[in-house]
Amino acid sequence: MNNKMWAGRSSKELDSRVNDFNSSISFDSRMYRQDIKGSIAHAEMLGDTGVIDKAESLKIIDGLKGILDDIESGRLPFNPEAEDIHMFVESELTKRLGDAGKRLHTARSRNDQVALDIRMYLKDEIREVIPMIKELIGVLCDIADSNLDTVMPGYTHLQRAQPITFAHHMMAYAQMLIRDIGRFEDTYKRMDKMPLGSGALASTTYPIDRRQVCSILGFDDITENSLDGVSDRDFCIELASAISILMMHLSRFSEEIILWSSWEFKFIELDDAYATGSSIMPQKKNPDVTELIRGKTGRVYGDLNTLLVMMKGTPLAYNKDMQEDKEAVFDAIDTVKLCLKTFIPMLSTMELYKDNMKNAAAKGFINATDCADYLVKKGLPFRDAYKITGTLVAYCIKNGTVLEKLGIDEFRSMSDKFDEDVYEAIKLETCVNMRNVEGGPAPESVKKQIKSARERIKDTNL
């Protein structure tokens with residue numbers, strides 16, 4: 001005999017292999033709180049509107065609260081034979097209440113129930129991820145505060161380019177993360193629509209009050225079209241996209257930490273608690289955390305691609321393909337949270353080698369632009385100043401020296417605009433401090449960037 005909740009149309013038992021293939025309880029059981037919370041709101045509305053008897057509504061609510069307590073206390077384990085978390089809860093409720101439990105599913109379908117649960121679950125997850133991003137920004141601000149005068153080379157094409165400070169470099173990542181927060185907040189806003197009441201695809205003939213359920217569950221609004229309400233997974237894709245971009249930022253940062261911790265750079269050293277060794281090379285200290293973050297970034301990109309490919313060929317409305325949304329988006333969330341939890345303390349405990357940074361900045365002619373700017377301020381067109389400075393750099397390379405060590409006569413052999421003040425103009429500290437435009441690396445500018453970032457992480461929209 002077919003004992004499935006959807007029994008009636010078919011007289012045969014489902015093949016056990018199909019049952020296993022069809023089942024999602026192994027991964028959607030994590031939504032049990034959201035499923036029960038949504039069912040409680042639905043039962044309350046059914047009773048208030050008279051769709052079911054108020055006494056039965058209250059009985060159902062008590063039964064659901066009992067199931068929630070039993071799951072959380074461990075008294076009620078999930079049944080691996082259940083098709084999904086929704087059927088598990090309803091089956092348990094019916095077992096406990098009899099006919100009253102069977103009334104819970106009045107005026108709803110698993111399609112809109114699933115759509116509700118996944119939105120509620122992902123909203124809760126966003127509210128967990130955003131504070132973690134804010135914590136990371138706070139760490140970056142703390143590091144920047146302590147390194148306003150720590151000069152280092154800035155790079156383009158991984159070639160030394162112009163002098164900046166470590167504080168300025170840290171605040172570049174803070175800006176990336178601030179944008180990430182904005183993306184998560186925007187995703188949350190579009191996710192914050194309550195789909196219950198859409199039914200299987202065409203709503204219901206019962207006189208339900210969708211807005212009451214919306215209010216009970218704390219949604220901003222209801223979905224406006226029942227077809228879209230059950231078949232929309234844009235919010236999953238958008239969240240996976242926001243996570244992918246955040247992971248990309250963590251991966252870029254990880255790449256720099258890997259470079260900086262190498263002997264070739266030796267700008268930083270990771271704390272022993274966040275690095276590993278080699279099984280045969282006793283001198284090794286490997287930045288495995290950051291390497292794993294790089295690798296896991298590709299994994300999250302795969303989750304995003306899974307969602308996009310899954311949805312691209314599904315006609316309206318619900319299709320079973322869409323069950324695949326959960327494993328992909330759950331994996332993306334789990335991965336980014338794991339990475340953030342590890343990355344934050346790793347970053348906050350790393351040691352800086354400031355002298356190595358400054359020594360690197362002293363090489364590679366990264367003050368050449370400032371030398372050219374010096375001539376421009378003396379009245380030369382920039383392109384002429386650029387050519388003169390380039391010729392000076394070539395001269396230095398040929399003679400194994402740097403601009404700061406040239407004699408004034410050597411400068412003047414290239415242009416009579418040079419004077420003794422050129423040495424002050426091309427000092428690394430001057431090069432940094434003079435770049436005091438908004439967004440620049442000068443300490444005063446970076447202080448403003450830090451203040452702005454700290455104000456942003458005080459914002460508690462979610």
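Is Phe-88 buried or exposed? Phe-88 counts as buried, with a relative accessibility of 6%. Keep in mind that everything shown here comes from a predicted model.

**View 1. Phe-78 meets Phe-88 edge-to-face.** This is one of the 12 aromatic pairs in the structure. The ring centres are 5.6 Å apart and the planes make an angle of 65 degrees; edge-to-face needs over 60, so this pair gets that label. As for where the partners live, Phe-88 belongs to helix α5 (85-97), while Phe-78 is in the loop between α4 (54-73) and α5, so the contact ties together parts that are 10 residues apart in sequence. The two partners also see solvent in their own ways: Phe-78 is partly exposed at 30% relative accessible area, whereas Phe-88, at 6%, is buried.

**View 2. Phe-265 and Phe-267 make another edge-to-face pair.** Here the planes stand at 85 degrees to each other, with 5.4 Å from centre to centre. Phe-267 is buried, with just 1% relative accessibility.

**View 3. A charge sits over the ring of Trp-263.** The charged end in question belongs to Lys-266, and you'll find it 4.4 Å from the ring centre.

**View 4. Arg-383 puts its charged end over Tyr-386.** The distance to the centre of the tyrosine ring is 5.3 Å.

**View 5. Four aromatic residues gather in one cluster.** Its members are Tyr-374, Phe-411, Phe-418 and Tyr-423, so to speak a mix of Phe and Tyr rings.

Technical notes. Residues numbered from 1 in each chain as written. Predicted model: local features only at pLDDT ≥ 70, side-chain atom pairs only at ≥ 80, totals over all residues. Heavy atoms only, no water. Phe/Tyr/Trp six-rings, centres within 6.5 Å; stacked < 30°, edge-to-face > 60°. Helix = DSSP H or I, 4+ residues; strand = E, 2+ residues; numbered from the N terminus. Buried < 20%, exposed > 50% of the residue type's maximum accessible area, 1.4 Å probe, protein only. Lys NZ or Arg CZ within 6 Å of the ring centre and 35° of its normal.
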